Amino acid sequence: MPVQVETLSLINAVQALALGLMLWAGTHGDNGPTLMAIRLRALALGIEAAGYAVLALQAFVSPAALLMGGNALNLLAQAMVVVSIRMLLGKPLRIKSATAVAVLGWAGVAWLGIVYPDYRLRVLWGSLAIAANVLLNIEALQGGCRGGGTRARCVLLWVYLLALALVLWRNGALWFGDNPPDQVVTPSPVNVFYVLLSGMQPLLASIGFLLLYNEILRRELHDLARIDPLTGVANRRAIGEVSERMLREARAWRGSVGVLLVDADHFKTINDRFGHEGGDKVLQSLVTCIQSILRTDDIVGRVGGEEFLVLSPGVDAEGVLVLGERIRSTVEREVLQIDGESLRLTVSIGTAVAGPGEWDMNTLRRRADAALYAAKRAGRNRVVAGAELVA
């Protein structure tokens, strides 16, 4: 029994609708960009299902309605997919570009279908619109199969490369094949295979989309587990991981790593005066001051209530003292506004340096911690080097 284009289109419509409903119902969370991208993808599948349904029911609609409506739905769905993928990846959305492709593609198809009927030119024009959307997706996914990419991005990239190949094959068959069909609903091997393969594309793309969504969620959870929610810097766990990596690299290259423990002076008094909300604002301002001094390779993390650890690779004993003094003086000069009142904050800093013979972070932390408490005992608002305690 020959396969009818209408039958394949109906199957594709049911498949796309089912995928869209599952995507919509299977995602939960706030209204952030990730969830919005999934919902937009689900809506696109619903619109794509409507486009296939129009093709499946072509016996009950006029040729003009089939041409205008079906292509409008499919081009709209493609534009929404472009935006949803870029939203999920955090790339520029290219809404204007996707809209322009959809409008120009639909206008050209309408002209070549009604005003100046030419099936092959109409398919070519529509294929250019499809190719433009596919290229927008490929541009967003570029590098997905290289070292910095992920498996999900690689899967999606291949899906769209195959979609591009399918478009090229269809046009080649229409322009250079024997007995090309004169309508998309005309029974022919070209139309059957095109509708069949184009109907599989939403399924493959949705699988890749969900894999990408899963990878992004896992990365977000990984980051959340390593970021201090108040100040936005690395937490104790993350700073521990970074410190071990820095020490390994420094040891391999016979370098050094400067370690600074920075503690806000009289912080309990600040909390008593302004409350914990005011104290939180002070800590956020302190982090901003510290970050303004650091280089690109330096990192700061929160390791206690008002205590922060700074790691500075390639810094020797003299350099770490200079860095500590720059942080101290910058904080001292800053005038904070808390609940309409002015406040000046000072910090005490203890330092240590990892170098030949000293690669254990726990030992370095203890040296810097002892130096920090020495700074506190000496009157606060000063920098003390751990090496000074040996004498």
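## A strand tucked inside

Let's start with strand β3, which covers residues 307–313: six of its seven residues are buried, so the rest of the structure largely encloses this strand. Keep in mind that what you're looking at is a predicted model.

β3 has company on the β1 side and on the β2 side. Strand β1 (residues 257–264) runs antiparallel to β3, and seven bridges join the two. One of the pairings puts Val257 opposite Pro313 of β3. Strand β2 (residues 299–302) is antiparallel to β3 too, this time with four bridges. Here Arg302 has Phe308 in β3 as its bridge partner. Together, β2 and β3 make a hairpin, with four residues between them.

## Two domains

Now step back and look at the whole chain. It is divided into domain 1, spanning 5–224, and domain 2, spanning 236–385. Taken over C-alpha atoms, the centres of domain 1 and domain 2 are 52 Å apart.

## The nonpolar cores

Which residues touch the most other members of the largest nonpolar core? They are Leu88, Val134 and Tyr160, in a core of 38 residues. Six helices each supply at least two residues of this core: α1 (5–25), α2 (33–56), α3 (63–89), α5 (119–141), α6 (151–176) and α7 (189–224). The biggest giver is α6, with nine residues.

Take a closer look at Val134. Setting aside neighbours within four places in sequence, Val134 is in contact with Tyr160, Ala163 and Leu164. There's also a second, separate core, made up of 31 residues, and Val287, Phe308, Leu323 and Leu345 are among them. Phe308 is the residue we just met as the bridge partner of Arg302.

## A buried charge without a partner

Glu48 sits in helix α2. What is the nearest side chain of opposite charge to Glu48? That would be Arg41, 4.6 Å away, and buried Glu48 has no salt bridge. A salt bridge here needs the nitrogen and the oxygen within 4 Å.

So who does Glu48 touch? Leaving out neighbours within four places in sequence, Glu48 is in contact with Asn74, Ala77, Gln201 and Pro202.

## Salt bridges

Side chains of opposite charge can pair when their charged atoms come close. Across the whole structure there are 13 salt bridges. One of them links Asp228 with Arg302, with 3.3 Å between the closest N and O atoms. Asp228 is in the loop between α7 and α8 (236–252), while Arg302 is in strand β2, so this pair ties together parts that are 74 residues apart in sequence. Asp228 is buried, at a relative accessible area of 9%, and Arg302 is buried as well, at 17%.

Another salt bridge joins the side chains of Asp265 and Lys376, at 2.9 Å from N to O. Asp265 belongs to the loop between β1 and α9 (267–293) and Lys376 to helix α11 (residues 361–377), so parts that are 111 residues apart in sequence are tied together by this pair. Are Asp265 and Lys376 buried or exposed? Both are buried. Asp298 forms a salt bridge with Arg295, and their closest N and O atoms are 2.9 Å apart. In that pair, Asp298 is buried, with a relative accessible area of 11%, whereas Arg295 is partly exposed, at 43%. Finally, Arg226, Arg237 and Glu241 are linked up in a salt-bridge network.

Notes:
Residues numbered from 1 in each chain as written. Predicted model: local features only at pLDDT ≥ 70, side-chain atom pairs only at ≥ 80, totals over all residues. Heavy atoms only, no water. Core = buried A, V, L, I, M, F, W, Y, C linked by side-chain atoms within 4.5 Å. Buried < 20%, exposed > 50% of the residue type's maximum accessible area, 1.4 Å probe, protein only. Contact = heavy atoms within 4.5 Å. Lys, Arg positive; Asp, Glu negative; His and termini not counted. Pairing = 2+ DSSP bridges. Domains from an automatic or database assignment.
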